[in-house]
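Thanks for coming, everyone. I would like to take a few minutes to walk through one model, so please have a look at it before I start.

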Number of protein chains: 2
Amino acid sequence: MSALDRLFTERGVRPTPLRREVLALLYEADRPLTWKEAFARLSPSGVNKVSLYRTFSLLEEKGLVHKVLGADGAWHYCAHPLERPGCPGNHAHFLCLQCGRMTCLVEQAIPTVDLPEGYAVEGKQLLAYGRCPSCSETQG
Amino acid sequence: MSALDRLFTERGVRPTPLRREVLALLYEADRPLTWKEAFARLSPSGVNKVSLYRTFSLLEEKGLVHKVLGADGAWHYCAHPLERPGCPGNHAHFLCLQCGRMTCLVEQAIPTVDLPEGYAVEGKQLLAYGRCPSCSETQG
DNA sequence: CCTCAGGCTGAAACTCGGTTGCAAAAAGTA
DNA sequence: TACTTTTTGCAACCGAGTTTCAGCCTGAGG
């Protein structure tokens, strides 16, 4: 049984070909991918768009990946590191507005947000956006 | 000439009735409003949906308001304080996932995000989400 | 091996936030 | 008044994501 399949069964997720393919893709990419990016990469194997959406939300629900909303309005999905599955993705992200690539800033933890009495925080995200190095170069 | 109209002309924006109405609404609300919330409040006066979208993006472009993308995927627009127009909105926000209301946490500045050489940051946002006090109460 | 139930997948239609194109109205300019 | 530019309104469109439903696969029980 592969490491991926072990992750799946641990979480009570049946390791289907599609799910293996999607999760493997996220690990390979090593950065958050949007549905669109994933769809483009998987289209050669003829993935269905709805199945891909469903797979992403299942993986997120089961805690195998986390999602970050980009300033482009699209969700970016990022696989949790194999060695510490269940990571809440509690770090900042950078989104390049030109090429649309998102980068995890794993060193930058999200600071505590102080809220008045009564607020219940379920999650938080810190997103910086602009130009990545390669896009800064190619455009004056 | 009213304070609002002065703001408009300072920024080279013609103060039309619709623009006055939208900006006044944002000041009155004193928290970020989504297009939907604004449309609901302005619908009695028969606003056109496209004109409202256009007004929001014009106000943002001219620096009269700033926008924050909520975890609900919708943009929330917030008027800059009258006394310091041009404020980049450099503070954290809280979004209630139940009632959809966003609150400015003006006391909580967004921390510096350290990025490797070559990254050009154009903006950043820190968003916490969960339940606001009144929604926490009404639901166990 | 067969059968049945439940989970998984695929296709089509739909919803919803937001944009585009274009024509009519309004405002500024001469 | 006539001309130009800006703003507005309408309709059609677009793209992300969801719903519905039928068909398929798989796994458990016989």
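Let me begin with a question about the strands: how many bridges join strand β1 of chain B to β3(B), and do they run parallel or antiparallel? There are two bridges between β1(B), residues 33–34, and β3(B), and these strands run antiparallel. Please keep in mind throughout that what you see is a predicted model.

Staying with that pairing, B:L33 is the residue that stands opposite B:Y77 in β3(B). β3(B) also pairs with strand β2 of chain B, residues 65–69, again in the antiparallel sense, and here five bridges are involved. Within this second pairing, B:H66 faces B:C78, standing opposite to it in β3(B). The connection between β2(B) and β3(B) is a hairpin with five residues between the strands, and in the turn B:G73 has a positive phi of about 80°. As for its surroundings, four of the five residues of β3(B) are buried, so this strand is largely enclosed by the rest of the structure.

That brings me to the aromatic residues, of which there are eight pairs over all chains. One of them is formed by A:Y119 and B:F94, an edge-to-face pair with 4.8 Å from centre to centre and 80° between the planes. A:Y119 sits in the loop between β5 (102–109) and β6 (120–131) of chain A, whereas B:F94 belongs to strand β4 (residues 91–96) of chain B, so this pair joins two chains. The two partners can also be described by their accessibility: A:Y119 is partly exposed, with a relative accessible area of 23%, while B:F94, at 0% relative accessibility, counts as buried.

Another pair is made by B:F56 and B:Y77, whose ring centres are 4.4 Å apart and whose planes are at 5°, so the pair is stacked. Because B:F56 lies in helix α4 of chain B and B:Y77 in strand β3 (residues 75–79) of chain B, the pair ties together parts that are 21 residues apart in sequence. Both B:F56 and B:Y77 are buried, and you will remember B:Y77 as the residue that B:L33 stands opposite.

In chain A, I would point you to A:W35, A:F39 and A:Y53, which form one aromatic cluster. There is also a lysine placed over a ring, since A:K67 lies over the face of A:W75, at 4.3 Å from the ring centre. In chain B, the corresponding description is that B:K67 lies over the face of B:W75, at 4.3 Å from the ring centre.

Now to the DNA, starting with strand C. This strand is surrounded by 16 residues, and the closest are A:T16, A:R19, A:N48, A:S51 and A:R54. Of the atoms of DNA strand C that come within 4 Å of the protein, sugar and phosphate account for 58%. Among the individual contacts, a polar side-chain atom of A:R19 lies 3.0 Å from a phosphate oxygen of the strand, and a side-chain N or O atom of A:S51 is likewise 3.0 Å from a phosphate oxygen. B:K49, in turn, has a side-chain N or O atom 3.2 Å from a base oxygen of DNA strand C. The largest share of the surface near this strand comes from α4(B), which supplies four residues. Sorted by class, that surface has six nonpolar, three polar and seven charged residues.

What, then, surrounds DNA strand D, and which residues come nearest? There are 15 residues around it, of which A:Y53, B:T16, B:R19, B:S51 and B:R54 come nearest. A:Y53, a member of the aromatic cluster, has a side-chain N or O atom 3.3 Å from a phosphate oxygen of DNA strand D. The bases are contacted as well: a polar side-chain atom of A:K49 lies 3.1 Å from a base oxygen, and a side-chain N or O atom of B:R54 is 2.9 Å from a base nitrogen. For this strand, α4(A) gives the most to the surface, with four residues. By class, the surface near DNA strand D divides into six nonpolar, three polar and six charged residues.

I will stop there and take questions.

Conventions. Residues numbered from 1 in each chain as written. Chains lettered and ligands numbered in written order. Predicted model: local features only at pLDDT ≥ 70, side-chain atom pairs only at ≥ 80, totals over all residues. Heavy atoms only, no water. Near = heavy atom within 4 Å. Polar contact = N/O pair within 3.5 Å; in protein donor to acceptor, adjacent residues only side chain to side chain. Nonpolar A, V, L, I, M, F, W, Y, C, P; charged D, E, K, R; others polar. Phe/Tyr/Trp six-rings, centres within 6.5 Å; stacked < 30°, edge-to-face > 60°. Buried < 20%, exposed > 50% of the residue type's maximum accessible area, 1.4 Å probe, protein only. Lys NZ or Arg CZ within 6 Å of the ring centre and 35° of its normal. Pairing = 2+ DSSP bridges.
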